[in-house]
Amino acid sequence: MLPILLTTVLPAAGQRMKVDEIYGKYCAACHGAKFEGGQGGSLVDGVWKHGSSDAEIFRSIAKGNIPMGMTPWEGILTDEQIRSLVIFLREKEKETRVAGMEFPVPSPDTVTKTELHNYRIETLVKDGLERPWAIAFLPDGRKLVTERPGRLRIVGKEGKIDPQPVKGLPEIVEHGQGGLMEVALHPDYQNNGWVYLGFADGEREPKARVITAVVRGRIKGHQWSDQEWIYRPDEKFRAVAGVHFGTRFVFDQGYIYFVIGERGGMMESQDLSRPSGKIFRLHDDGRVPEDNPFVKNPDAIPGIWSYGHRNPQGLVLDPRDGAIYSTEHGPRGGDELNLILPGRNYGWPVITYGMNYNGTPMVAITEKEGMQQPLVHWTPSVAVCGLDVVTGGQFPNWKHDLLSGGLAQQEVRRIRIANGKVTQQEIILKNIGRVRDVACGPDGLIYVLLNSPDRVVRLMPADG
Ligand code: HEC
């Protein structure tokens with residue numbers, strides 16, 4: 001006999017119900033409209049009687065506990081819906097905790113205290129930059145700062161912006177989240193003068209169609225010159241979507257690593273014949289290394305180093321062991337920190353710890369054989385952007401820690417990694433703007449690029 005009764009009580013168009021509606025309809029009666037508890041316990045006090053991992057909370061909801069009065073929801077709700085309830089409860093738990101918690105919110109002239117260092121914040125550039133995206137440090141103390149609308153600016157030692165942007169850049173299309181993004185100097189810049197740029201390349205008319213590309217060139221006075229393409233995806237890969245461009249560069253032993261986000265094309269991340277949703281490795285002049293993981297696959301783009309990415313916007317090399325780490329935006333929930341290894345699949349969009357932005361479920365699974373797990377994942381989303389490693393210098397107790405920026409959560413998070421595992425996380429700066437980039441300067445100070453308000457600030461060590 002088919003369980004006809006059960007199927008007929010399934011909610012109509014249930015899959016399209018948003019997670020807050022599911023909660024309101026099926027859970028609020030016992031757990032409270034504000035999750036505060038009632039007949040069932042509070043779901044936001046951080047106390048989980050039956051286990052606090054995602055898998056255990058999933059199990060609590062799916063299997064229920066009939067003698068104690070908790071309905072088993074499997075068969076009534078789908079796995080995807082239960083999975084999105086777990087994410088939703090995580091968001092609510094975090095919101096409740098944050099509301100009652102103090103973070104180091106720095107203000108000028110006051111000392112901000114954190115676990116291992118105290119700092120003062122200094123505003124280097126207050127006005128005159130529009131959507132600063134990335135910073136590079138010239139040997140003479142000046143800085144190069146990209147502005148997303150397409151300008152490359154030179155900022156003097158004391159923070160004065162050269163009124164004249166660099167002229168003659170390649171054509172850059174500002175479109176949605178894309179525009180001029182990354183800038184970095186070749187490690188041997190002193191001798192070869194190469195500056196690398198990552199930007200949205202393509203056409204504006206009749207409709208913007210773009211994808212991330214990488215060039216290098218030299219800056220002579222205010223003139224961009226000697227330009228060479230490092231990677232320019234074929235025109236057929238340009239997309240109208242305004243999202244998920246990735247970029248960010250790392251140089252190591254003659255190679256450049258860079259990111260192209262999935263450009264809204266989700267499944268393209270799993271397709272090795274397309275550049276979107278990939279991390280690349282090329283020689284620093286754009287040639288394909290012969291030992292790249294997919295060079296022998298005739299269908300694959302040979303520059304690909306790893307795949308299954310959504311939108312990584314942080315990339316860094318750990319000088320202790322050469323490990324490459326990346327932070328990647330999840331959808332709603334499920335931001336990730338990954339250790340990037342050659343040829344590996346990072347799972348998007350087959351597995352994720354997040355759900356759709358509108359609260360509908362995405363997928364039920366967070367793990368799958370053959371797909372990498374993140375070192376950590378964050379729900380609710382931090383909107384991770386910008387990543388660097390502390391070189392030491394002015395902040396010796398943070399040496400080798402990663403600093404990860406966040407747009408939505410407006411934070412800089414310090415992450416300690418030991419033996420390939422995250423052993424510590426601390427929010428060291430909060431709520432002074434959307435953090436687009438974090439970079440340790442050659443002076444040992446920590447530079448933070450903010451959007452809304454658009455600023456460059458730096459952290460200076462301070463006593464007491
Ligand atoms: C009829 C009342 C009732 C409804 C409806 C209900 N719950 Fe529960 N829930 C309970 C009770 C009672 C418990 C405590 C069970 C126990 O002590 O083992 C519980 C426990 C839980 C737990 C485990 C908490 C812990 O501390 O480990 C979770 C998670 C949970 N419920 C989520 C939900 C979700 C999500 C929904 C909606 C899909 C829901 N519940 C609907 C009564 C309910």
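Pro 453 turns up in the loop between strand 23 (446-451) and strand 24 (455-462), and the peptide bond joining it to Ser 452 is cis, with omega at about -5°. Keep in mind that this is a predicted model. Beyond that loop, there's a ligand with a shell of 21 residues to look at, plus a chain divided into domain 1 (4-99) and domain 2 (112-462).

**Backbone oddities**

- Back to strands 23 and 24 for a moment: the loop between them holds Pro 453, and Ser 452 is the partner in the cis bond.
- Another cis peptide bond links Thr 379 and Pro 380, and here too omega is about -5°.
- You'll find Pro 380 in the loop that runs between strand 17 (376-378) and strand 18 (384-389).
- Arg 248 isn't a glycine, yet its phi is positive, at about 85°.
- Look for Arg 248 in strand 10, which covers residues 246-252.

**Around the ligand**

- The ligand takes up the space of the second largest pocket.
- Of the 21 residues that surround the ligand, the closest are Cys 27, Cys 30, His 31, Lys 49 and Met 70.
- Sorted by class, the shell comes out at 13 nonpolar, seven polar and one charged residues.
- Helix 3 (28-31) and helix 4 (54-63) each put at least two residues into that shell.
- Helix 4 gives the largest share, with three residues.

**Polar contacts to the ligand**

- His 31, one of the closest residues, has a side-chain N or O atom 2.8 Å from a nitrogen atom of the ligand.
- Lys 49 is also on the list of closest residues, and an N or O atom in its side chain sits 2.5 Å from an oxygen atom of the ligand.
- His 50 joins in as well, with a polar side-chain atom 2.6 Å from a ligand oxygen.

**How the domains sit together**

- Domain 1 spans 4-99, while domain 2 spans 112-462.
- Taken over C-alpha atoms, the centres of the two domains are 36 Å apart.
- The domains do touch: 16 residues of domain 1 are in contact with 18 residues of domain 2.

Technical notes. Residues are numbered from 1 along each chain as its sequence is written. This is a predicted model: local features need pLDDT of at least 70, side-chain atom pairs count only at pLDDT 80 or more; totals for chains, interfaces and linings use all residues. Side-chain values use heavy atoms; hydrogens and water are left out. A residue is near a molecule or strand if one of its heavy atoms lies within 4 Å of it. A polar contact is a pair of N or O atoms within 3.5 Å; within protein, one must be able to donate a hydrogen and the other to accept it, and residues adjacent in sequence count only if both atoms are side-chain atoms. On a 1 Å grid over the protein atoms alone, a cavity is a set of points where a 1.4 Å probe fits but cannot get out, and a pocket is an open set with protein on both sides within 12 Å along at least five of seven lines; lining residues have an atom within 4 Å of a point. A molecule sits in a cavity or pocket if more than half of its atoms lie within 2 Å of its grid points. Helices (H or I, at least four residues) and strands (E, at least two) are DSSP runs, numbered from the N terminus. Ala, Val, Leu, Ile, Met, Phe, Trp, Tyr, Cys and Pro count as nonpolar, Asp, Glu, Lys and Arg as charged, and the others, Gly among them, as polar. Domain bounds come from an automatic or database domain assignment. Contact means heavy atoms within 4.5 Å.
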